[in-house]
Structures are given as C-alpha cells and as structure tokens.
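Colleague: I am new to this structure and would like to go through it with you. Could you put it on the screen?

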Amino acid sequence: MSKSIYLATTNPYSGKSLVSLGITELLLRRTNRVGVFRPLISVESARQRDKNIELLLSHFKLTLNYEDTFAFLRREAADLIGSGRYDDVLDKIIEKYKALESECDFVLCIGSDLVGGTAALEFDLNADVAKNLGCPVLLVTSGANRDASAVMGSVRANLTAFQERGCQVLGVIVNRAEMD
C-alpha cells in the first residue's frame, strides 16, 4: 500500500483546498503522522505563506515545520527550468519530499495551481513529480459552468496524459458540478 497520494488539478480553481481538507481528515483517522507537501507554491516571496499549506497545518494542528512542506516558489522553479535545469528542480523536489516522508506515516502531495503563463509547464512537472515519487494520483477538476460533456472530455484527456507519463491514477473528483 502506498504511503502517499498526489492531488493534481486539471484546471485552476477546481476546489483542491476542499478536497485536501477531506483527505487529510480521513488520513488523520488512521494515523497522527500525516505530512503535507507541495512541490511548488504560488506566493510572491518567501515571506508569504501558501494558503493551502497554512490551512491544513492550522486546521489539523499538524506539527510540521512550514519550510519542510514545499520545495520551490513557483517563480524559482520557472527560472531554473527556463535555464535548462529541469532535472535539478526534480532532484530538489524529490530530496525535500523524501526528508518529509521519513518523518511521516503518510504524505499528501498537493500539485501546483495551474494558473498564469506556466500552466502547461506545471502540468508536466506535476506528472513527472508524481511518477518519480511513486505517488498514485487523484485528479481534481471543476465542473463549474461546464456541461457534462466538457467535463468528461477534460477528464479523459487529463487521465490519458497522466497515464501516458507512467502515473497510476486512483480516480477523479469532479468538484462544483451542477446537479443537472
């Protein structure tokens, strides 16, 4: 059985925070040593804190050192990747994850936000990170303002993309879907 899960979104504002709250709640029913890890965080400077990490740490009173819960600011990773250092980015993410994993019974990995001009790059990075960490993937997508066929088309495309990259996909959560 895996000791981790990777939450990956297929679009921005998919409700990843809500899903991460629910998963963390379920995990804490089985163990007290739950870790939270994000390869990239979307803050402007190291003085700011990632809202999703902060929410989980404070709500569940997790005793993790904040600096251990992420590898890069999005801007830092984009700069390194832009200068041809993609493997260095992956190496640091794996190193930081493994350090946290050694202290926890289970680690919830939360993929990047897929906003702005780096969304395609972040999608690829999320798939590569999940594969290299050996984390099964749970895809989260938004159904808000989209009909069922649009949601299913997006889900199929993203499911295929992750599987083609060698990721095990556990399932898909369609969040904020219309009842119709």
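Colleague: How much space lies in the largest pocket?

Modeller: Please note that this is a predicted model. In it, the largest pocket holds about 420 Å³ of space.

Colleague: Which residues lie nearest its centre?

Modeller: Those are Tyr13, Lys16, Ser17, Arg38 and Asp113, out of 18 residues that line the largest pocket.

Colleague: And how does that lining divide into nonpolar, polar and charged?

Modeller: The lining has eight polar residues, six charged ones and four nonpolar ones.

Colleague: Which helices each supply at least two residues of the lining?

Modeller: Both α1, spanning 16–28, and α2, spanning 51–59, do so.

Colleague: Turning to those helices, at what angle do the axes of α1 and α2 cross?

Modeller: They cross at roughly 30°, and the axes come within 10 Å. Because angles under 35 degrees count as roughly parallel, α1 is described as roughly parallel to α2.

Colleague: Is the crossing left-handed or right-handed?

Modeller: The crossing of α1 past α2 is right-handed.

Colleague: Which residues meet there?

Modeller: From α1 there are Lys16, Ser17, Ser20, Leu21 and Thr24, and they meet Asn52, Leu55, Leu56 and His59 of α2. By class, this contact consists of five polar, three nonpolar and one charged residues.

Technical notes: Residues are numbered from 1 along each chain as its sequence is written. This is a predicted model: local features need pLDDT of at least 70, side-chain atom pairs count only at pLDDT 80 or more; totals for chains, interfaces and linings use all residues. Side-chain values use heavy atoms; hydrogens and water are left out. On a 1 Å grid over the protein atoms alone, a cavity is a set of points where a 1.4 Å probe fits but cannot get out, and a pocket is an open set with protein on both sides within 12 Å along at least five of seven lines; lining residues have an atom within 4 Å of a point. Grid points are joined across faces, edges and corners, and a volume is the space filled by probe spheres set on the points. Helices (H or I, at least four residues) and strands (E, at least two) are DSSP runs, numbered from the N terminus. Ala, Val, Leu, Ile, Met, Phe, Trp, Tyr, Cys and Pro count as nonpolar, Asp, Glu, Lys and Arg as charged, and the others, Gly among them, as polar. Axes are lines fitted to C-alpha atoms, for helices over the stretch in contact, and angles run from 0 to 180 degrees between N-to-C directions. Angles under 35 degrees count as roughly parallel, over 145 as roughly antiparallel, 65 to 115 as roughly perpendicular and the rest as oblique. A crossing is left-handed if the near helix is turned anticlockwise from the far one by less than a right angle, and right-handed if clockwise. Contact means heavy atoms within 4.5 Å.
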